[in-house]
Amino acid sequence: MNKHLKMDRPATERFLDETAQNVLGTPMDRPDGPAKAAGQATYAHEWQIEGLCHGVLVRATIPAGRVARIDADAVTGRDGVLRVISDPRMLRVPAQGGANEAPDQGPDEVAYLGQPIALVVAETFEAARDGALALPVEYDPADFTVDPDAVEPEVPKKKQASQGDLEAAMREAAHSVDVTYTTPGHNSAAMEPHAAIAVWNGDDLLLRGSYQMLKYNRNELADAVGIDPAHVRILSPYVGGGFGSKLGITHEAVAAALASKELGRPVSVTLSRQQVFETTMRRSETRQRFRLACDAEGRMTAVGHEVLVSQLPGQQFSEPVTQATPFAYAGPNRVIGHRIARVNRTCAGSVRAPGEAVGITAMENAMDELAEAAGIDPVQFRILNIPEKDPTSGKPFSSHTLERALREGAERFGWSERRAPGQRREGDWLIGMGMASAIRVNILAEAKARVTLEPDGRVLVETDMTDIGTGTYSILTQVASETLGVSTDRVRVRLGDTDLPPGPGSGGSWGAASSGSAVYLAARAVRDRIAEAMGADEVTLKDGHAIAGNRRVDLAGLFDGPVTAEGHVEPGKTMKETRQSSFGAYFCEVAVNAVTGETRVRRMHGTFAAGRILNAKTASSQCLGGMTFGIGMALTEELLHDPRDGHIVNRDLAEYHLPVNADVPQIDVVLLEERDDYASPIQAKGIGELGICGAAGAVTNAIYNACGVRVRDYPATLDKVLAVLPD
Amino acid sequence: MKRFDYARAADVAEALREGQGDGAAFIAGGTNLLDLMKLRVLTPDRLVDINRLALGGIERDGDGLRIGALVTNSDLAADETVRRDYPVLSRALLAGASGQLRNKATTGGNLLQRTRCYYFYDIAMPCNKRDPGSGCQARGGVTRLHAILGGSDKCIATHPSDMAVAMLALKAEVEVEGTDGARRRVPLDDFYVPPGDTPQVETVLGAGELITAVILPLPAGDRQIYAKVRDRASYAFALVSCAAVIGMDGDRIGHAALAFGGIAPRPWRNAEVDGLLTGQAPSDDLFRRAADLLLADAKGHGGNDFKIPLARRVLIDTLRKATRGDAA
Ligand SMILES: Cc1cc2nc3c(=O)[nH]c(=O)nc-3n(C[C@H](O)[C@H](O)[C@H](O)COP(=O)(O)OP(=O)(O)OC[C@H]3O[C@@H](n4cnc5c(N)ncnc54)[C@H](O)[C@@H]3O)c2cc1C
């Protein structure tokens with residue numbers, strides 16, 4: 001008695017607007033919150049397991065070459081060091097999101113400085129760490145290259161596109177800009193470092209880890225270790241942030257599994273903060289050239305976006321900078337270019353909204369420049385250039401709320417107070433306002449979930465979906481509660497266990513809408529069973545009771561045994577036939593210090609729409625977090641690579657400058673009512689990453705408005721502003 | 001972690017006894033030492049815990065103030081006398097680190113904290129300060145944090161303290177007790193030594209010597225400013241900082257003491273700059289000349305070139321504010 005739905009047709013039935021429980025969309029507190037605040041939510045590294053020993057990974061100290069010799073004897077036996085493990089199955093790089101198979105293995109082949117090459121296992125963490133730092137290693141170094149600007153880049157054919165005649169449009173345009181922006185590398189910098197504890201029971205591997213997409217992670221781990229996935233179980237009920245860096249399995253999972261097998265004991269491996277920086281995915285730095293043009297009325301005629309990113313040799317992934325460029329703004333003449341520089345730097349992968357986080361940000365700066373060239377207010381300029389349909393593919397939009405977000409956001413923020421650049425000063429501070437659009441592609445991913453109505457009227461929701469701090473426990477509770485008319489305290493959600501029905505994992509903003517839809521479908525199936533038991537076509541479910549005609553029956557006791565159903569949602573034709581995206585608008589006020597060039601964000605506003613909002617609090621928290629990272633991207637965050645060997649020099653949270661409380665002012669978030677029938681059966685779209693996709697652009701546009709300085713090289717640290725400030 | 005012995009000293013004499021020998025290190029708040037030990041940058045054989053010593057307390061010392069070596073950065077910043085008479089010190093302390101760190105960090109430990117140079121922190125990299133003779137990887141590397149004044153071929157690391165910069169402008173003295181039990185006072189200006197060919201030697205402290213207190217004389221100027229420029233609003237080390245203690249004599253500058261952070265291997269001071277200002281009527285022209293003098297020998301290494309114009313702007317702005325009376 002399961003329910004399967006392939007999104008081949010729009011979900012015009014607005015069932016969840018007619019149910020009676022009225023909890024969906026409310027700002028319900030997280031059910032997992034108290035346990036987390038009280039330290040009772042046990043994270044991967046925290047499990048106390050009988051006989052546990054500790055492994056610490058050893059880093060390569062050259063950027064390229066081969067490990068010639070590891071002197072394991074020098075540390076083995078000292079202070080409880082049990083073994084030095086160097087196994088060809090250990091990972092050279094983490095798995096990319098959705099890889100579903102092992103990434104490059106063979107740690108002896110060094111591809112970047114900081115790559116793990118061995119594991120030192122000891123009775124205590126301290127001994128393992130000291131052993132790892134003291135282990136003598138000899139290398140046969142090889143040639144390498146670390147500067148993306150110094151190599152001839154690859155130009156993958158499939159990633160180039162053009163239509164019309166961009167050059168001619170640029171020549172003939174009333175106004176045009178031809179500007180290049182650069183963004184630096186970023187690290188996810190999740191609060192919880194990557195951690196795993198492996199335990200073998202015969203041929204069965206149990207791994208407690210911290211991962212985002214378990215259904216893939218199980219296959220990746222099994223493939224790496226060389227066993228059947230049926231013998232692998234991963235538990236990740238709590239994940240302390242991922243931001244892309246835990247989409248695929250990372251070094252510690254495989255190292256822990258292999259070491260545990262070899263030693264016959266449970267082994268715990270956690271990356272140090274420095275290792276998180278050097279060996280988990282970095283977001284590639286980007287160089288982005290924009291050629292934008294418009295006619296005298298401000299209607300765009302040309303959109304050119306050509307980018308250079310970097311990646312290790314042989315890796316498939318490359319930062320999809322131009323992902324939203326094809327449909328962001330109108331214009332008949334278009335060019336997209338994508339080049340990849342192969343360098344020996346830490347592997348590039350998904351970090352916080354790959355693509356739009358940097359692509360829309362820089363696009364919004366170039367749009368600001370063109371609006372100014374055309375003498376049109378930046379908000380108006382964008383509204384003027386919102387396309388009727390996807391200008392590249394000709395597909396209709398599933399829904400499009402950019403104009404509403406721009407207008408309502410501008411109103412709430414007080415955009416009309418904005419003045420010409422350099423006109424407002426308060427003491428040492430130059431004050432300015434800036435704005436940007438938020439654009440993020442929407443994806444529905446295949447998802448399964450199981451819902452059980454217990455005989456006592458309680459509801460159990462089960463899926464291997466993860467909650468990486470985003471609020472999955474909350475929204476799945478609400479979807480089940482709403483669909484089955486039981487109060488939220490009678491719903492229990494179990495997540496993060498590969499034994500449960502496979503969900504989509506947390507990534508690409510698809511988690512809530514996809515897993516929420518699977519839970520919804522399963523709950524609908526249970527609902528059908530209730531109606532059947534009541535002998536009615538239609539039932540109203542509310543507060544644990546079923547109402548049909550003049551009968552009101554307690555769900556507790558309605559059935560003798562548990563009633564279970566599985567929901568299964570799959571993307572279908574609606575995804576191919578429509579262009580789907582979430583939208584929003586950012587507004588920001590900054591103060592730039594006229595003496596030092598330091599920028600402080602004074603206030604920031606975001607208005608967003610993402611279809612049906614499942615929980616107003618967790619949804620706006622996602623946007624708050626995104627905008628906070630946007631402030632970091634705008635002002636402080638940057639991976640600094642040594643120019644000679646490419647290694648990341650600022651490998652800790654003291655020197656990799658995420659924004660701290662003092663950097664983040666009052667941010668307010670408004671969510672617009674929207675239903676997107678093409679997106680998912682519950683009319684919800686992705687919101688997780690929307691809040692960062694363009695946010696930094698609003699900050700840097702505000703810097704320009706404050707002091708007349710265009711910083712085209714992120715982050716806008718004081719030295720770059722200073723260089724152009726008057727004495 | 002490398003194995004080490006741990007001794008908790010009950011008094012100064014015991015600390016000095018336990019602290020003898022090359023491999024010994026005193027531990028106060030531990031906020032710097034423990035980090036460096038975990039990274040194997042420092043590998044002492046013996047930790048001598050000095051937290052039980054009677055080196056707390058802030059007392060009158062003649063006209064000045066005697067600050068025990070174990071007074072925490074939080075307590076010092078919050079002290080009423082400090083806030084009233086030495087506001088530059090309170091400001092500098094509060095501009096440093098975070099609340100949690102300041103609760104642990106001590107006055108002695110703060111003076112002796114090590115550089116934040118990325119290459120010093122990474123034991124896979126050569127570093128003359130950590131591993132004498134191995135080379136300086138910062139030169140030719142990422143130099144955002146590095147010195148524009150006072151560096152040498154061997155080392156261009158900066159001293160990261162905010163507190164010490166304010167103390168330098170306040171003409172503090174460091175009280176030191178040697179293994180022979182004799183106490184001496186060293187002007188803070190003479191406490192740090194230039195890196196030269198031996199960047200591993202940072203101060204005049206002899207092996208096993210203990211800082212017991214810092215003495216502040218009566219402040220010679222009531223216009224005090226601490227300006228700190230950094231990469232984020234809080235919880236970041238100074239790119240450039242400037243402590244100014246200015247006393248006006250009618251329309252003229254009667255007393256000027258300036259000190260700078262983030263630009264040199266030690267809290268930086270140039271007595272000639274103070275001399276140039278003293279007795280003069282404030283003017284932008286004067287301030288520019290002061291900046292010229294301060295930065296005459298300044299040299300950037302690429303990533304820190306901006307510190308030269310930045311230090312100039314900060315100096316001029318600070319002097320404008322102090323002489324105008326904007327200082328509080
Ligand atoms: C993330 C972070 C950010 C920070 N930001 C700033 C900042 O912005 N500005 C700033 O100024 N500082 C900053 N700090 C540094 C902080 O101020 C120092 O770590 C602290 O002051 C050191 O004091 P402690 O008592 O913990 O020293 P410890 O770590 O205990 O000792 C440091 C050194 O001093 C020696 N020592 C300590 N006491 C004595 C004594 N009485 N006699 C002789 N030797 C002694 C120890 O042997 C050791 O070598 C930051 C630190 C961290 C970790």
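Q: Two strands are said to pair if DSSP finds at least two bridges between them; how do you know that strand 25 and strand 26 of chain A are such a pair?

A: In this predicted model, 4 bridges join strand 25 (residues 545-548) of chain A to strand 26 of chain A, and the two run antiparallel. Because at least two bridges are required, the 4 found here meet the criterion. One example is Ala548(A), whose bridge partner in strand 26 of chain A is Arg551(A).

Q: Why are strand 24 and strand 26 of chain A called edge strands?

A: The open sheet to which they belong has 3 strands in the order 24-25-26 (chain A), with antiparallel pairing. Strand 24 (540-542) and strand 26 of chain A each have a single partner strand, so one side of each is left without a neighbour in the sheet. From one strand to the next, the twist averages 20°.

Q: Which helix lies across strand 24, strand 25 and strand 26 of chain A?

A: Helix 12 (residues 511-534) of chain A lies across these strands, and it runs at about 55° to strand 25 of chain A.

Q: What makes Ala556(A) count as buried, partly exposed or exposed?

A: Ala556(A) is found in the loop between strand 26 (551-554) and strand 27 (563-571) of chain A. Its relative accessibility is 30%, and since buried means under 20% and exposed over 50%, Ala556(A) counts as partly exposed. Leaving aside residues up to four places away in sequence, Ala556(A) touches Pro455(A), Asp456(A) and Gly457(A).

Q: What makes the pairing in the sheet of 7 strands of chain A mixed or uniform, and which strands stand at its edges?

A: This open sheet has the order 4-6-2-14-11-12-13 (chain A), and its pairing is mixed. Strand 4 and strand 13 (232-235) of chain A stand at the edges, because each has a single partner strand and one side of each is therefore left without a neighbour in the sheet. The twist averages 25° from one strand to the next. Within this sheet, strand 12 (residues 204-209) of chain A and strand 13 of chain A pair in the parallel sense over 4 bridges, and Leu205(A) has Val232(A) as its bridge partner in strand 13 of chain A.

Q: Which helices lie across strands of chain A named in that order?

A: Helix 2 of chain A lies across strand 2, strand 4 and strand 6 of chain A, at about 20° to strand 2 of chain A. Helix 4 (residues 214-225) of chain A lies across strand 11 (195-201), strand 12 and strand 13 of chain A, at about 135° to strand 13 of chain A.

Q: What covers the buried residues of helix 2 of chain A?

A: The buried residues of helix 2 (residues 125-134) of chain A include Ala127(A), Arg129(A) and Asp130(A). Their cover includes strand 2 (53-59), strand 4 (81-85) and strand 6 (116-122) of chain A, together with helix 2 (33-38) of chain B.

Q: How do you know that Thr106(B) makes a polar contact with the ligand?

A: An N or O atom in the side chain of Thr106(B) is 2.6 Å from an oxygen atom of the ligand, and because the cut-off for such a pair is 3.5 Å, this counts as a polar contact. A backbone N or O atom of Gly30(B) lies 2.7 Å from a ligand oxygen atom. Both residues are among those that come nearest of the 33 around the ligand.

Definitions and conventions
Residues numbered from 1 in each chain as written. Chains lettered and ligands numbered in written order. Predicted model: local features only at pLDDT ≥ 70, side-chain atom pairs only at ≥ 80, totals over all residues. Heavy atoms only, no water. Buried < 20%, exposed > 50% of the residue type's maximum accessible area, 1.4 Å probe, protein only. Contact = heavy atoms within 4.5 Å. Axes fitted to C-alpha atoms, helices over the stretch in contact; angles between N-to-C directions. Near = heavy atom within 4 Å. Polar contact = N/O pair within 3.5 Å; in protein donor to acceptor, adjacent residues only side chain to side chain.
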